[in-house]
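Biologist: I'm a first-year student, and I'd love a close look at a single part of this model. Could you pick one spot and work outwards from there, in plain words?

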Amino acid sequence: MTIRKILIYPDDQLRSIATPIADPTSAEIGALIQDLADTMYDAPGVGLAAPQIGISLRIAVTDTHWRSGRYEGVGAGEGPDRRLNVWINPEILWRSDVLQTYEEGCLSLPEMFADVSRPAAIRLRWLDEHGNKHERDFEGFEAVALQHEFDHLDGRVFIDHLSVIKRKMIHRKLLKRKKMMISSEESA
Ligand code: NI
């Protein structure tokens with residue numbers, strides 16, 4: 001079990017375009033999936049993309065199933081309710097014109113939350129950890145989580161969807177916090 005360090009915005013690595021994975025079944029990718037899952041559940045979060053731990057590859061993990069438990073005060077990511085999903089080289093083939101708005105947050109933008117509007121439904125093609133190809137439609141919170149995670153593969157974060165004023169406000173807060181974190185690490 002390896003808990004990796006999650007990069008905190010602003011960070012250039014969160015802005016890079018990730019590379020497709022050639023062999024989803026390789027031992028390296030297997031280890032990466034394990035690290036992503038361990039790190040996500042430890043955080044805890046409902047999704048984590050490889051660029052958030054500094055790996056510029058097109059892969060993300062999600063577990064939207066235990067979200068309900070988290071919000072009802074049940075231990076996040078614990079026990080039999082875990083349902084890990086692995087998304088390799090995901091492609092959004094279609095997006096609905098109808099939008100939906102959810103309050104989003106991100107492990108790379110700690111304690112920042114904002115309402116984000118995105119297509120309410122998407123059609124997705126992806127590979128799983130066995131290298132099998134899938135195509136399916138998603139809606140509701142799952143569609144939100146997937147679009148949020150796959151944004152990370154293209155160097156985007158959720159605040160990019162906000163108005164310039166809101167984005168700058170959150171950017172300033174995080175920049176300030178990051179400077180404080182760095183100075184406390186240096187003095188430790
Ligand atoms: Ni995120």
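What follows starts at the metal site and then moves through its surroundings.

Modeller: Sure! Bear in mind that this is a predicted model, where local features need pLDDT of at least 70 and side-chain atom pairs count only at pLDDT 80 or more, while totals for chains, interfaces and linings use all residues. Residues are numbered from 1 along each chain as its sequence is written, and side-chain values use heavy atoms, with hydrogens and water left out.

Let's begin with the nickel ion. Its protein donors are Cys106 through SG, His148 through NE2 and His152 through NE2, and they lie 2.1 to 2.3 Å from the metal. A donor here is an N, O or S atom within 2.8 Å of the metal (3.2 Å for Na, K and Ca); water is not among the atoms, so a site may look incomplete. Along the chain, the donor residues follow the spacing C-x41-H-x3-H.

Why do His148 and His152 end up about one helical turn from each other? They are four residues apart in helix 3, which covers residues 140-153. (Helices, H or I with at least four residues, and strands, E with at least two, are DSSP runs numbered from the N terminus.) His148 is buried, with 7% relative accessible area, and His152 is buried too, at 1%. Buried means under 20%, exposed means over 50% and partly exposed is in between, using a 1.4 Å probe and protein chains only.

Helix 3 also holds Asp151, and Asp151 has a partner. Its side chain meets that of Arg118 in a salt bridge, at 3.1 Å from N to O. That pair links distant parts of the chain, with Arg118 in strand 5 and Asp151 in helix 3, 33 residues apart. A salt bridge means a side-chain nitrogen of Lys or Arg within 4 Å of a carboxyl oxygen of Asp or Glu. Are these two partners buried or exposed? Arg118 counts as buried at 3%, and Asp151 counts as buried at 6%.

Asp151 turns up again in the second largest pocket. Of the 14 residues lining this pocket, Ile92, Arg95, Phe150, Asp151 and Arg156 lie nearest its centre. Strand 3 (85-95), strand 5 (109-119) and helix 3 are the elements giving two or more residues to the lining. A pocket is an open set of points on a 1 Å grid over the protein atoms alone, where a 1.4 Å probe fits and protein lies on both sides within 12 Å along at least five of seven lines; lining residues have an atom within 4 Å of a point. The volume is about 160 Å³, counted as the space filled by probe spheres set on the points. By class, the lining has five nonpolar, two polar and seven charged residues. Asp, Glu, Lys and Arg are the charged ones, Ala, Val, Leu, Ile, Met, Phe, Trp, Tyr, Cys and Pro count as nonpolar, and the others, including Gly, are polar.

Two elements from that lining carry a backbone oddity each. In strand 3, Asn89 has a positive phi of about 50 degrees although it isn't a glycine. Asn89 is buried, at 17%. In strand 5, Glu111 also has a positive phi, near 65 degrees, and is not a glycine either. Glu111, though, is exposed, at 66%.

Now for more salt bridges: the whole structure has 12 of them. In one, Glu91 and Arg125 meet at 3.9 Å from N to O. Glu91 sits in strand 3 and Arg125 in strand 6 (residues 121-127), so the pair ties together parts that are 34 residues apart in sequence. Glu91 is partly exposed at 40%, and so is Arg125 at 27%. Arg125 also meets Glu135 in a salt bridge, at 3.4 Å from N to O. Here the link runs from strand 6 to strand 7 (residues 133-139), 10 residues apart. Glu135 is partly exposed as well, at 49%.

And the Asp151 bridge has company: salt bridges that share partners join Arg58, Glu104, Arg118, Asp151, Asp154 and Arg156 into one network.
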